[in-house]
Each structure stands twice: as C-alpha cells, then as structure tokens.
Amino acid sequence: MIHERLDLLREALPYIQRFKNKVFVVKLSGKITEDQERLGSLAEEITLCQQVGISVAVIHGGGKQLTETAERLGISQRMVNGRRITDAETLEVAKMIFAGQINMDILSALRGKGAECVGLSGVDGNIIHARRREIQEVLNRETGQLETVDFGHVGDIVGINLRLLRLLLDNGYIPVVSSLGADEQGHIYNINADTIAAEIAVHLEAEKLILLTDVNGILRDKDDPASRISRLTVEEAEALVRDRVVSSGMLPKIAAIARLVRRGVRSAHIINGSNRNALLHEVFTDEGAGTMITL
Ligand code: ADP
Ligand code: MG
C-alpha cells in the first residue's frame, strides 16, 4: 500500500522533468470558481504544478456570475455566438465581477494553499492591448441568420505586452489575470477569457493551454457527458463548428485554440474543472482527461 502511494511520485518524475521551466496557461471558468471547496482543490493542483517548476499563468472569466448579477440589477444580457454584447452598464458590472470578486476569490484560494500570487486584469501593465470590435455582419450560429451586431464594449486583442507577466513568472509568482483589456486612450473592454488565455499562451510560448470548464471536453452530443471526443485536430474541431455540433461558449474556445496551435503552441486541452484531479491528470499522465486539440 505504502509502495503504491510512493510509486505515484516516481511516475510523476518524467513529467516533472519534461515540464520544468515550461509555461502552462490555465484558464478557469467562472462556473468552477464559485464553489469554495472545488476552487480550493483546483488551487492546490495549480500550486503543485508551480512548486515542481512549471510556470503557471492563470486567466479567468466569470460569465456566469456576470449574467446573474446583471440580470439581478435588471440589465438584460444577450450573447451572439458565445460572445457577450456588452453595453455600458454591463461593462460596469464586468469590472466589479471579473477584476473584483472572482479575481479575489481565486487569489484567496491560492493563498490558502501557500502559493504567492498576484491579481491583475489585462489592463495592468498594458498586458492586453485591445481595440473596440467594429459593428459587423455576423452569421448567428444559433439561428443561421446574418445579423448586424454591435458588440458594444467588447475588444479584440491587437497586442500583448509580456513585460509584467514575465517579471512575475520569473520571480515565482502566479499571475491571475481577469478578462479585461484597454486601448491607448484607456477605454476598457470586455474580452472573452478563452481568447485572452490563448493569446497570452502564444506570446509566452507556452507548452500547453488548459481551459478548465464545466463540461468533460468537446461532446459529440452536448447533452450527453459520455460523448466526449478525446482527441481532435484543428480541422476536425472546425468541422464540428460547421456541422453545428458545437455552439454557444464552445465556439470562442475552438476559434481561440485554432489560432493558437497554428501559431506554435503544441496542444490545447478542454477539461472539466469540476472533477477532482482534472488538472493533475492532464499534466502528469499520458491519458489526459478532456479533449486535446493539436495541429
Ligand atoms: P466557460 O465559462 O468555460 O467559458 P461557456 O459557457 O462559455 O463556459 O462554454 C462552455 C459551454 O459550451 C458548455 O457548458 C456547453 O453548454 C456549451 N457547448 C456547446 N456545444 C458543446 C459541445 N459540443 N460540447 C461541449 N460543450 C458545448
Ligand atoms: Mg465562455
């Protein structure tokens, strides 16, 4: 019994050696940060990765909490292709929820596991340089109709400044970045957290991008948790978009991952952060837990 438990440490050795000094970008969905126990468990896994020499950058969203709070305040919410139309009032709530509450909850959980972490948004240190998304014709994948959409205070990323992130990572801090960015005039934009995570991963030349969400990965039938697809190429993933197998919040993930692996990050993983050890499973075993997407 004791040998079995100690052998687990031996099994981790090749992975620890392979990933030492590599960068992992881990994106946490707001759906998995609400439950204290689950968040604490994830924070422990992240801290463990960091303690064995992996540089971990954490990016988070908070779409679920933003929707709930905005609706409670009577600000109705609308998504097109998994992206939020962000009016001025929604942006105000996004600032409170992303840069305030959720960021602090994650810091608190990591602090509780002994990690040294720093809370930021993409506005800090000019990490995310964004531009307002122009009013555009969009093929609404839910309705199949072309629509003219003004996304409001939604930004597209035009540049990444790594100086601050590198400073933190090189000094053993875990940066925790919420999904806001700004332009040169200082206008703040809401940006999908998957998109930010992928862009940061490309610039940091990350080994892996890991998106932790509330489903088991990409599902062939989104209502059947057992229909997980364990491996996909980018082209196969894009075919799932065309065939409408994926919808809503899975669309920005696939778009972000496609750009990412075409620009040199070896793999992206969509895994269920609600499952205990999901992250460790992904990092320290060959099987992998969710959906892995490669070139
Ligand atoms: P997150 O907070 O992780 O970004 P999103 O709601 O934006 O969460 O995106 C994940 C959601 O995408 C899932 O909860 C699921 O409802 C939806 N989805 C749509 N199509 C699929 C699919 N084929 N497989 C898995 N999830 C899907
Ligand atoms: Mg999302």
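**Ligand 1 and the eight-stranded sheet**

Reader: Which residues are the closest of the 18 that surround ligand 1?

Author: This is a predicted model, in which local features need pLDDT of at least 70, side-chain atom pairs count only at pLDDT 80 or more, and totals for chains, interfaces and linings use all residues. Residues are numbered from 1 along each chain as its sequence is written, and side-chain values use heavy atoms, with hydrogens and water left out. A residue is near a molecule if one of its heavy atoms lies within 4 Å of it. Of the 18 residues that surround ligand 1, the closest are Ser29, Lys31, Thr213, Leu219 and Lys253.

Reader: Which residue places a side-chain N or O atom 2.7 Å from an oxygen atom of ligand 1?

Author: A polar contact is a pair of N or O atoms within 3.5 Å. The side chain of Lys27 has an N or O atom 3.1 Å from an oxygen atom of the ligand, and a backbone N or O atom of Ser247 lies 3.1 Å from a nitrogen atom of ligand 1. The residue at 2.7 Å is Lys253.

Reader: What is the strand order of the open sheet?

Author: Strands are DSSP runs (E, at least two residues), numbered from the N terminus, and two of them pair if DSSP finds at least two bridges between them. The pairing in this sheet of eight strands is mixed. Its edge strands, E5 (117–121) and E14 (231–233), each pair on one side only. The order is E5-E10-E2-E1-E13-E15-E16-E14.

Reader: Which residue in E13 is the bridge partner of Val25?

Author: Strand E1 (residues 23–28) and strand E13 (residues 208–213) run parallel and are joined by five bridges. Within E13, the partner of Val25 is Leu209.

Definitions and conventions:
Chains are lettered from A and ligands numbered from 1 in the order in which they are written. Helices (H or I, at least four residues) and strands (E, at least two) are DSSP runs, numbered from the N terminus. A polar contact is a pair of N or O atoms within 3.5 Å; within protein, one must be able to donate a hydrogen and the other to accept it, and residues adjacent in sequence count only if both atoms are side-chain atoms.
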